[in-house]
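Here are my notes on the model you asked me to look over, set out as numbered points. Please read them with the structure open beside you.

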Amino acid sequence: MSRQSPPQRLATRLVKGGTHTPVVGGRAVNPPVVRASTVLFETMDDMNDARRRRGTERMFTYGARGNPTGFALEDVVAGLEGGYRTRLFPTGLAAISMVFLAYVRPGDHVLIADCVYQPLRHFVETFLKPWGVHVTYFRADGSDAGEHMTARTKIVYVEAPGSLVYEMCDIPALADLAHRHGALLVADNTWGSGVQYRPLMLGADVSVMAATKYLSGHSDVMMGTVTTTEEVWQTFSTMCDAQGVAVSPDDAYLVLRGTRTLAARLQMHERHALEIAHWLEGLPDVARVFCPALPTHPGHDLWQRDCIGTNGLISFEFSNATAAQANQFVDSLTLFGIGASWGGYESLATVSNVAGTRTCEDWSTAGPIVRLHIGLEDPQDLMEDLAASFERIAA
């Protein structure tokens, strides 16, 4: 016979009431938002068993080690990437940083592609180098990576397509190079979102994404993801637990909701961006259009081989304009927001300092470059807005 609790006074009822209310009927389409720091167990044996297993198994034991809402998003991302498991981070940069913390130690050497996200270069200068890690940058297309491999190289880090002008590299070849030297290949897959590009399926060991962008899709939440193969997972997971990495279940829910429409949104971004990219190619004011889906792009063959579609990102180089005119061009746009991010439903424009973010190639003689993120607006309206800005700077 179960023990009957005596009648409870008001303060006790307020604390204990409604903490576990079974519901009869169906279930919600989406997983619930589970907000929890403390996690309760039925017995001490249950709690001790969970603590013993949580180092190698995903267990709901404390808020700093994740929660069921985040676990649901981890499963979606791991499935997109074709990986073993995924961890979530407050930002994309936090995800990148944790990869280096997990797999690199002072005295080690890492190779980093010249085209990476600029904040990673800042992380290199402010943390990796002072920490005693040796860093070498290699050409964005990966053509000289083999020349820089050493016995101490632990990571070959690529971003493909590259930031700003979308250089492509041969991930299977770089994975083979890294593995022959006992190193890992890590890929920033934010551009591909696990839909258009799957580096883990091409030989990479670790894939990083800024879920802030297309996975979320609404420019209202920050998050990063790291997905690995089974072989390298435990080292990474152990470091995450040691650092107390977790994300808000509300943020996880927002990104999870964004993934439901990811495929449909990307199709629209691609369609709109390609229409505008082809239009830009025909303008006398434009010297080059950067988009790997264009046959004129240097990495187009690799894009055709390894990717499924493109997204809303395109950049173009002015054929004859000053830096001040490029700024004026962006300032004059009415339908494009001026912002550094991308991946939301809205169109954005910004002037890109490619020369200032490359050390292996000289971009100093290129004309001003504008990066566009083409959103879900009608492309005819966007082209009219762009055309009006071209006319303003010409005048």
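1. In this predicted model, Ile-338 stands opposite Ala-349, a residue of strand S11. The two strands concerned, S10 and S11 (residues 348–352), run in the parallel sense and are paired over two bridges. They belong to an open sheet of five strands, whose order is S8-S9-S12-S11-S10 and whose pairing is mixed. At its edges are strand S8 (286–290) and strand S10 (337–338), each of which pairs on one side only.

2. Helix H12 (residues 323–332) packs on this five-stranded sheet, where it touches strand S9 (313–318), S10, S11 and strand S12 (369–373). When you look along S11, note that the direction of H12 makes about 170 degrees with that of the strand.

3. The other sheet to examine is also open and has mixed pairing, with seven strands in the order S1-S7-S6-S5-S4-S2-S3. Strand S1 (85–89) and S3 have a single partner strand each, so one side of each of these edge strands is left without a neighbour in the sheet. From one strand to the next, the twist averages 20 degrees. As a reminder for reading both sheets, strands pair through backbone hydrogen bonds, and they do so either parallel or antiparallel.

4. Which sense of pairing, parallel or antiparallel, joins S1 to strand S7? The pairing of S1 with S7 (residues 224–228) is antiparallel and extends over five bridges; within S7, Thr-225 is the bridge partner of Leu-88. Helix H5 packs on the seven-stranded sheet, touching strand S2 (109–113), S3 and strand S4 (153–159), and its direction makes about 160 degrees with that of S3. Helix H7 (residues 171–180), for its part, lies across S4 and strand S5 (184–188), and runs at about 145 degrees to S5.

5. The loop between S4 and H7 deserves a careful look at the backbone. Pro-161 is placed in this loop, and the peptide bond leading to it from Ala-160 is cis, with omega near -10 degrees. Leu-164 lies in the loop between S4 and H7 as well, and its phi is near 80 degrees, a positive value in a residue other than glycine. For context, most residues other than glycine have a negative phi, and most peptide bonds are trans.

6. The domain assignment divides the chain into domain 1 (10–20 + 28–258) and domain 2 (261–394), and the C-alpha centres of the two domains lie 28 Å apart. Their contact takes 35 residues from domain 1 and 41 residues from domain 2. Between them the domains bury about 3,300 Å², of which 57% is on carbon and sulfur atoms. On the side of domain 1, the residues that lose the most area to domain 2 are Leu-164, Tyr-166 and Tyr-214, which together make up 25% of what that side buries. Leu-164, with its positive phi, is thus a residue to inspect both in the loop between S4 and H7 and at the contact with domain 2.

7. How many salt bridges are found across the interface of domain 1 and domain 2? The rule finds three. Glu-361 forms a salt bridge with Arg-139, and the closest N and O atoms of this pair are 3.7 Å apart. The polar contacts between domain 1 and domain 2 come to 20 residue pairs, with both residues at pLDDT 80 or more. On the domain 1 side that touches domain 2, the elements giving two or more residues are helix H5 (118–128), strand S3 (134–138) and helix H9 (249–259).

Terms used: Residues are numbered from 1 along each chain as its sequence is written. This is a predicted model: local features need pLDDT of at least 70, side-chain atom pairs count only at pLDDT 80 or more; totals for chains, interfaces and linings use all residues. Side-chain values use heavy atoms; hydrogens and water are left out. Two strands pair if DSSP finds at least two bridges between them. Helices (H or I, at least four residues) and strands (E, at least two) are DSSP runs, numbered from the N terminus. Contact means heavy atoms within 4.5 Å. Axes are lines fitted to C-alpha atoms, for helices over the stretch in contact, and angles run from 0 to 180 degrees between N-to-C directions. Domain bounds come from an automatic or database domain assignment. Buried area is the accessible area (1.4 Å probe) that two parts lose on being put together, summed over both. A salt bridge is a side-chain nitrogen of Lys or Arg within 4 Å of a carboxyl oxygen of Asp or Glu. A polar contact is a pair of N or O atoms within 3.5 Å; within protein, one must be able to donate a hydrogen and the other to accept it, and residues adjacent in sequence count only if both atoms are side-chain atoms.
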